[in-house]
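This report describes a protein chain together with its ligand. The sequence and structure are shown first, and the description follows.

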Amino acid sequence: MAWINCYFCCNINDSDDEKEEPKTSSVNSINRDYSWERYSLKELVHATNNFHEDNKIGEGGFGSVYWGRTSKGVEIAVKRLKTMTAKAEMEFAVEVEILGRVRHKNLLGLRGFHAGGDERLIVFDYMPNHNLITHLHGQLAADCLLDWSRRMNIAIGSAEGLAYLHHEANPHIIHRDIKASNVLLDIDFKPKVADFGFAKLIPDGITHLTTRVKGTLGYLAPEYAMWGKVSESCDVYSFGILLLEIISGKKPLEKLPGGVKRDIVQWVTPYVQKGVFNHIADPRLKGKFELDQLKSTILLAMKCTDNSAENRPSMLEVVDWLKKGSNTARVKKGVGNNVKDMDEDGDDEDEETDKTDTDYEGYGMELYGARMTRVTSQRKSSSS
Ligand SMILES: Nc1ncnc2c1ncn2[C@@H]1O[C@H](COP(=O)(O)OP(=O)(O)O)[C@@H](O)[C@H]1O
Ligand SMILES: [Mg+2]
């Protein structure tokens, strides 16, 4: 592949003490021309104050992410590979390869990279409003910056980014790690889907692949967690979990007293069955949401998280559904909604910063056992 070739060629040619200015290249991907830069280590060391602790803005499986400012005054985020193992280097190559192929308003843009010696660095546009998890469960949760309309715009934008990956990118791309910490927010709170380290390119005509399970507990589709069966609908499932998280402010997995884990779908299902959708909304919204839109978005999330992959909608259908909901809300704006302020004491959820953002490479037998029993019995009854 052109990008892999390009990366390896840069890898060979780069050296740690390179003094040259960034080189600009142009990649023609999906009929679009855009440019990326090869950064010298010196430039990135200078931009990030030698990867100073104070510049650190994120930590993930891949390594640390640092804020920086280039010599031209542009704010950047620099992702630095933690350890140089073959696996980590492959992740780096995959991410650069994929980022080089995609360009969409709702996908985090690649500015460039550096590969030389023991350093693997990816340079992105800096997103000043951090990631979604910080606003839902983390440091900025108490500031309540995400009102209903911001939340719905984040949902629609993230869905559009994913729909582009699934339906427009060529070959199609499955992200495999859709979650709140991988949705970044720009200055206007517009979402950018990020972190393509686990992404998979899907050749034409292939409906699914069987792979080693990667991703994050709580967001994994059952057929993927159990059997490693990956297709676009695994991203749809994760997106459904993300939708419920955005609406409710709840975490995808909750530890109940006694250590039992409950996923967000299990939590939400009884409310849906009783039709009390307003109980699902994040109490921090204080009842300020469009009830019809809330209901329609929750029903969509339930479809996305259906145990059977074949019952889930495509991301194009998800985008349509969400946009219809938002049009209805726009028409009704001004009418107000008849939902009383939520009882803020009613929710016993402890909104601490998420520290369990664990990449998961095992098989989810324990967690998915009960759900899969349901899938298997559904399959049996439909085939008999
Ligand atoms: N461009 C960026 N602007 C601002 N913060 C970022 C940016 N890229 C990453 N981050 C922060 O770093 C975290 C980890 O980045 P991510 O790309 O998800 O790496 P990993 O592969 O290590 O999970 C993100 O959740 C976010 O908080
Ligand atoms: Mg991440």
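## Backbone features and ligand surroundings

Asparagine 49 counts as partly exposed, since it has 14 C-beta neighbours inside 10 Å. The model in which asparagine 49 is found is a predicted one. Asparagine 49 sits in the loop that runs between α2 (41–47) and β3. Its phi is positive, about 55°, although asparagine 49 is not a glycine.

A second non-glycine residue with a positive phi is arginine 176, for which the angle is about 70°. Arginine 176 belongs to the loop between β8 and β9 (183–185). Is arginine 176 buried or exposed? Arginine 176 is buried, because 23 other C-beta atoms lie within 10 Å, and the threshold for burial is 20 or more.

Two further backbone features concern a glycine and a proline. Glycine 275, just after α8, takes a positive phi of about 75°. The peptide bond that leads from asparagine 170 to proline 171 is cis, and its omega is near -5°. Proline 171 is placed in the loop between α5 (148–168) and β8 (172–174).

The backbone angles are collected below.

| Residue or bond | Angle |
|---|---|
| Asparagine 49 | phi about 55° |
| Arginine 176 | phi about 70° |
| Glycine 275 | phi about 75° |
| Asparagine 170 to proline 171 | omega near -5° |

**Ligand 1.** Around ligand 1 there are 22 residues, of which Gly58, Gly60, Phe62, Ala77 and Asp195 come nearest. Sorted by class, this shell holds 10 nonpolar, 9 polar and 3 charged residues. Four strands, β3 (56–59), β4 (63–69), β5 (75–81) and β7 (119–125), each supply at least two residues of the shell. Which domains contribute at least three residues each to the shell around ligand 1? Both domain 1 (35–125) and domain 2 (130–332) do so.

**Helices α8 and α3.** In α8, which covers residues 264–274, Ile264, Val265 and Val268 are buried. These three residues are on the same side of α8, because they cover an arc of only 75° around the axis. The exposed residues Pro270, Gln273 and Lys274 are carried on the face of α8 turned away from its buried side. Among the elements that cover the buried residues of α8 are α7 (232–248), β15 (261–263) and α9 (291–304).

Helix α3 comprises 14 residues, 86–99. From its first C-alpha to its last, α3 reaches 20 Å, close to the 20 Å expected at 1.5 Å a residue. Its buried residues are Glu91, Phe92, Glu95, Val96, Ile98 and Leu99.

**Lysine 229.** Strand β13 (residues 229–230) contains lysine 229. Lysine 229 is partly exposed, as 18 other C-beta atoms lie within 10 Å. Which residues does lysine 229 contact, leaving aside its neighbours within four places in sequence? They are His208, Thr210, Glu223 and Tyr224. For lysine 229 and histidine 208, which stand 21 residues apart along the chain, the C-alpha atoms are separated by 6.7 Å.

**The protein chain.** Its secondary structure comes to 11 helices and 15 strands. Of the 384 residues in the protein chain, 42% are buried. Where contacts join residues at least 6 apart in sequence, 68% of them link residues at least 24 apart.

Definitions and conventions:
Residues numbered from 1 in each chain as written. Chains lettered and ligands numbered in written order. Predicted model: local features only at pLDDT ≥ 70, side-chain atom pairs only at ≥ 80, totals over all residues. Near = placed C-beta within 6 Å. Nonpolar A, V, L, I, M, F, W, Y, C, P; charged D, E, K, R; others polar. Domains from an automatic or database assignment. Buried ≥ 20, exposed ≤ 12 C-beta atoms within 10 Å, placed from the backbone. Arc of directions from axis to C-beta. Contact = placed C-beta atoms within 7 Å. Expected span 1.5 Å × (residues − 1).
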